[in-house]
Amino acid sequence: KAQLSFPGGTAEFPLLPATAGASAIDLSSLTRQSGLTALDYGFVNTSATQSAITYIDGDAGILRYRGYPIEQLAEHSTYLEVAWLLIYGELPTPDQLGEFDANIRRHTLLHEDLKRFFSALPHTAHPMSVLSSALSALSTYYEGTLDPNDPEMVEINTIRLLAKLPVIAAYAHKKSIGQAFLFPDNSLSFVDNFLKLNFGNMAEKYDIDPVLGRALDQLLILHADHEQNASTSTVRLVGSTGANMFASVSAGINALSGPLHGGANEAVLDMLGKIRDSGEGVEKFVERVKNKDAGVRLMGFGHRVYKNYDPRAKIVKESADAVLDALGVHDPLLDLAKELEQIALSDDYFRERRLYPNVDFYTGVIYKAMGFPTRMFTVLFAIGRLPGWIAQWREMQTDPHTKIGRPQQLYTGAPERNFPR
Ligand code: MLT
């Protein structure tokens, strides 16, 4: 442990191993003890990314966007309002929000040629691969003579991304089930338009029951940013080279697709399905997790940052009940998920390891009830995360201290050797 003095006291904090990408000092425990920010007393960890967007206290289970608690935003805000907040730093006025919404509606259409891009891909393609490829392809339509990092281009590309990514996502879905693409209906709100693009007239069930549209909007809010996670740091790293926003976000989508990151919501549903099909019961499954049996993994539990209940997971769990009730659906997988949580949380093995459900644990059950196929779950995460990626890319780009990224390396290989011949 190391001690640091600052005006008003001293704080003890654990020194962490200096591995690539990890900060050498646990700044969150330091600042919690002192009540100050690291910058307040002139302490700057040069290897840590400095950002004013999202605050997480993993020990206390706190998440805030631009200072606003996630619980308040999830209850009172909308996805587009949160997108504005993340990108511009303040909550929008009604006029600003109205103009933002109108601009996004105006830019939803995809070029007809880009639609043909989808037919070159196999119908078996994972929708996340389709999403990242189509987004890279989208940048080719805007590579004019104007510098993509020019502030005017950054503004218009922000709108284009927010407007077109959901349309590409819905087309990736339609492609995977062999159905025709639908035109965006710009008389509809962001979420209703997205639902209609995916479900056509079936989407009327969402109009009949506003609980569903609201639940999707709330899920997007909960996923909108999460400071320097794997995909966001990828977006910043790629962007630090001067690559445009489309290329950077496309790289972020690829990072998100892995089962240890956004792909976990898909993996949770697969796991619950396997428990159900095996007929062995949750307790037996938990035993097998604890025994570390080959191929058995508890997905959707634990988090690199949270050593407490993920504050997003609490909200998602409540939403799962509301959505299934609204649809009049009973999904045994939700019962299994709750049973699994209850058994795990009352077991010292999980408590000692501080393994609590994370945001991915209950989201899949809701998406499934809404009618999305499992392979679309991570795509929904990507739509949610888009404002965060954009905000982080823009913050990185306008920071005068930004240099091209280059993670530190500790060389662990052989010392100098003479070539044997
Ligand atoms: C996220 O929301 O990005 C995930 O919880 C992963 C993370 O933050 O590291």
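Around the ligand in this predicted model sit eight residues that you can pick out one by one: His226, Asn229, His261, His303, Arg304, Val305, Asn358 and Val359. By type, this shell divides into two nonpolar residues, five polar ones and one charged.

Now for some backbone detail. Most residues other than glycine have a negative phi. Glu227 goes the other way, with a positive phi near 35°. Look for Glu227 in the loop that runs between α10 (210-222) and α11 (230-239). Lys292 has a positive phi as well, near 55°, and Lys292 belongs to the loop between α14 (282-290) and α15 (311-327). Neither of these two is a glycine.

Are they buried or exposed? Glu227 counts as partly exposed because it has 17 C-beta neighbours inside 10 Å, a number that lies between the limits of 12 or fewer for exposed and 20 or more for buried. Lys292 has 8 such neighbours inside 10 Å, so it counts as exposed. Here are the two side by side:

| Residue | Phi | C-beta neighbours inside 10 Å |
|---|---|---|
| Glu227 | near 35° | 17 neighbours |
| Lys292 | near 55° | 8 neighbours |

Next, a pair of helices. Two packed helices are described by the angle between their axes and the distance between the axes. For helix α6 (residues 127-139) and helix α12 (residues 245-256), the angle is about 170° and the axes are 8 Å apart. That makes α6 roughly antiparallel to α12, because angles over 145 degrees count that way.

Which residues meet where α6 and α12 pack? From α6 come Met128, Leu131, Ser132, Leu135, Ser136, Leu138 and Ser139. On the α12 side they meet Phe246, Ala247, Val249, Ser250, Ile253 and Asn254. Taken together, the residues of this α6 and α12 contact divide into eight nonpolar and five polar, with no charged ones.

Finally, there's a bit of sheet to look at. Three strands form an open sheet in the order β3-β4-β5, and their pairing is antiparallel. The edge strands are β3 (54-57) and β5 (68-69), each of which pairs on one side only. Strand β4 (residues 62-65) pairs with β5 over two bridges, in the antiparallel sense. If you'd like a spot to zoom in on, try Arg64, whose bridge partner in β5 is Pro69.

Key: Residues are numbered from 1 along each chain as its sequence is written. This is a predicted model: local features need pLDDT of at least 70, side-chain atom pairs count only at pLDDT 80 or more; totals for chains, interfaces and linings use all residues. Axes are lines fitted to C-alpha atoms, for helices over the stretch in contact, and angles run from 0 to 180 degrees between N-to-C directions. Helices (H or I, at least four residues) and strands (E, at least two) are DSSP runs, numbered from the N terminus. Angles under 35 degrees count as roughly parallel, over 145 as roughly antiparallel, 65 to 115 as roughly perpendicular and the rest as oblique. Two residues are in contact if their C-beta atoms, placed from the backbone, lie within 7 Å. Ala, Val, Leu, Ile, Met, Phe, Trp, Tyr, Cys and Pro count as nonpolar, Asp, Glu, Lys and Arg as charged, and the others, Gly among them, as polar. Two strands pair if DSSP finds at least two bridges between them. A residue is near a molecule or strand if its C-beta atom, placed from the backbone, lies within 6 Å of it.
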